[in-house]
Amino acid sequence: MDLVEGVELGRRAHRRQEWAPAFEAFARADAVCPLSAGDLELFAEAADLLGRGDDAVRLLRRAYLAYAEAGAVEGALRCGYWLCKALAWAGEFSHAGVWLARARQLAGPDPDCPECGYLLMLDAERMYRSGDRTGMLAMARRLAEVTTSSADADLRAGAAMTLGTALIGTGEVEAGLAQLDEAMVAVTGGEVSARATGMIYCVVIGTCQDLQELRRAREWSDALADWCEAQPDFTGAYRGLCRVHRVALLQLGGGWPAAVHEARLACRQLTVGYGEAAAGAAFYQLAELHRLRGEHAEAERAYRDALRYGWDTQPGMALLRLAQGRQSAAVAAIQRALAEATEGLHRARLLPAAVEILLAAADASGAATYAAELVAIADGYRTTALRASSGYATAAVRLAEGVADEALIGARRAGSLWRELDVPYEVARARVLVALACRALGDEDSASMEFDAARQVYARLGAAPQVRRVDTLSRRLSGTSLLSRRELDVVRLIAAGRSNQAIAGELFLSEKTVARHVSNILGKLGVASRTAAAAYAFEHGLV
């Protein structure tokens, strides 16, 4: 095989997105005579999509230098962008910074050329990582202006993706989603390269998940799955990250066995030296599935693996501690995580768990504060999932406060929103809350039916801890038979945070009588403190 024939074989395989044959053909041709800058770039893309990160870095470096030597600044800047991305995937951020500085120096005479947009995208990404949302938006707007006339489809789609992410980060949700949709139209229309396709899919789906815009996330995830299936050679780091996004959506949709399978594949794919920067996300999703299924030891290991790869393990780890009965550790962990989180969508990930944990710890007042903050965030971003999450949290607080009628209305509304989004686990949680509210209102028959419906969903999903909890609640093994009606009144007020003096005033009793009731309640429930009694009451549906 001569050089010309080998290069042409590589180009044809590349056009067909057959990455392994393309890589092999280019490698044979390159061994005969060094490839041109353009063919080196195609060779590097095949390596990247095959997950051959070291080869991709080596080839992109060669392509960059070849373009620069020929005075082809546009090609050099494009290769510089992908080189910096490849180095970042390998965790070599300092090395990436060196090449970014070289690219800046090369672009120096014409900083506003369209291809300089690649440098602006890297700057915007850096600002995103540092939490500078305002700076990112300014950079993204400049990027959009610079690339308006660019003939580079990858760059135009990347600019739309960057601007969309920046707008959402500053609260301009509708405008941001419109930009993300614009980027996705270019992707699904086949206008951009394969490497840009993988990147844009991952960024857009990840942004939609952060926003809890589940409908779009699912739509684009399904399209991504079809794209991935059409090219079995696509095994690179972006493929692993694509799997991570798919795991989260499969979990929400109730496909837990498939989610576990995909999570394990992602963990393997991202722990081979290239893509380790995203490996923590894969282990976190695997840990979440183990936790929901009651596999606490496996969850603990996976959370620790996530932490080892630099991923934040909250709120999952705090919820695991709660499930293990380590209430104080759960409270400390979630409050520490919230103290560090400043951005709204980040806090929105933590707040539902904070409400659940503080209610279990009988801190209804603290839970109410967190629920109110979640409502404010949901009002700002206005996505259905955030409204469902905040509605559920508020209803749970109202139930703990003894306002069962308001809790019932809120729980039903939250369940309806989760049903609309087809998130069965959350629908079942809302049903349990509805059942507890019905029970508090004396409607035991409706409570029983809601418990039964929730149990069926939990059993189908494999959510063993929740099945056990519903069994306990539906059989009324909750202490109700142990306590008199007056003692139930007292324990509900304890759970709402009332003092003996306040309880006496509300129930028209003397403080001495209330103190006697409290003593009897502690003895009957086998707990040592008011806090423990309140936690027992919440866990077992007495409030």
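Helix axes here are lines fitted to C-alpha atoms over the stretch in contact, and angles run from 0 to 180 degrees between N-to-C directions. This is a predicted model, in which local features need pLDDT of at least 70 and side-chain atom pairs count only at pLDDT 80 or more, while totals for chains, interfaces and linings use all residues. Residues are numbered from 1 along each chain as its sequence is written, and side-chain values use heavy atoms, with hydrogens and water left out.

**Exercise 1. Describe how α11 and α12 pack.**

Step 1. Two packed helices are described by the angle between their axes and the distance between the axes. Helices (H or I, at least four residues) and strands (E, at least two) are DSSP runs numbered from the N terminus.

Step 2. For helix α11 (residues 194-211) and helix α12 (residues 214-229), the angle is about 155° and the axes are 9 Å apart. α11 is therefore roughly antiparallel to α12, a label given to angles over 145 degrees, with under 35 being roughly parallel, 65 to 115 roughly perpendicular and the rest oblique.

Step 3. The crossing of α11 over α12 is left-handed, that is, the near helix is turned anticlockwise from the far one by less than a right angle; clockwise would be right-handed.

Step 4. List the residues that meet, where contact means heavy atoms within 4.5 Å. From α11 they include Ala194, Gly198, Tyr201 and Cys208, and from α12 they include Arg216, Trp220, Leu224 and Trp227.

**Exercise 2. Find how many disulfides the structure has, and check Cys208 and Cys242.**

Step 1. A disulfide is a pair of cysteine sulfur atoms within 2.5 Å. The search of the whole structure gives 0.

Step 2. For Cys208, the closest cysteine sulfur is in Cys202, 12 Å away, which is too far for a bond. Cys208 is buried at 1% relative accessible area; buried means under 20%, exposed over 50%, and partly exposed in between (1.4 Å probe, protein chains only).

Step 3. For Cys242, the closest cysteine sulfur is also in Cys202, at 3.2 Å, again too far for a bond. Cys242 is buried, with 3% relative accessibility.

**Exercise 3. Identify which residues touch the most other members of the largest nonpolar core.**

Step 1. A nonpolar core is a set of buried Ala, Val, Leu, Ile, Met, Phe, Trp, Tyr and Cys residues joined through side-chain atoms within 4.5 Å.

Step 2. The largest core has 181 residues, and Ile200, Ile357, Leu359 and Tyr458 touch the most other members. Helix α19 (residues 344-360) contributes the most to this core, 11 residues. Apart from it lies another core of 19 residues, including Val490 and Leu507.

Step 3. Take Tyr458. Beyond its neighbours within four places in sequence, its contacts include Tyr425, Arg429, Ala463 and Val470.

**Exercise 4. Place His14 and Asn520 in the fold, and state whether each is buried or partly exposed.**

Step 1. His14 is in helix α1 (residues 3-15) and is buried, at 13% relative accessibility. Leaving aside neighbours within four places in sequence, His14 contacts Trp19, Ala22, Leu42 and Glu45. Its C-alpha is 9.7 Å from that of Ala194, 180 residues apart along the chain.

Step 2. Asn520 is in helix α28 (residues 511-525) and is partly exposed, at 33% relative accessible area. Asn520 and Leu483, 37 residues apart in sequence, have C-alpha atoms 8.7 Å apart.

Step 3. For the whole protein, the secondary structure is 29 helices and 0 strands, and buried residues make up 56% of the 543 residues.
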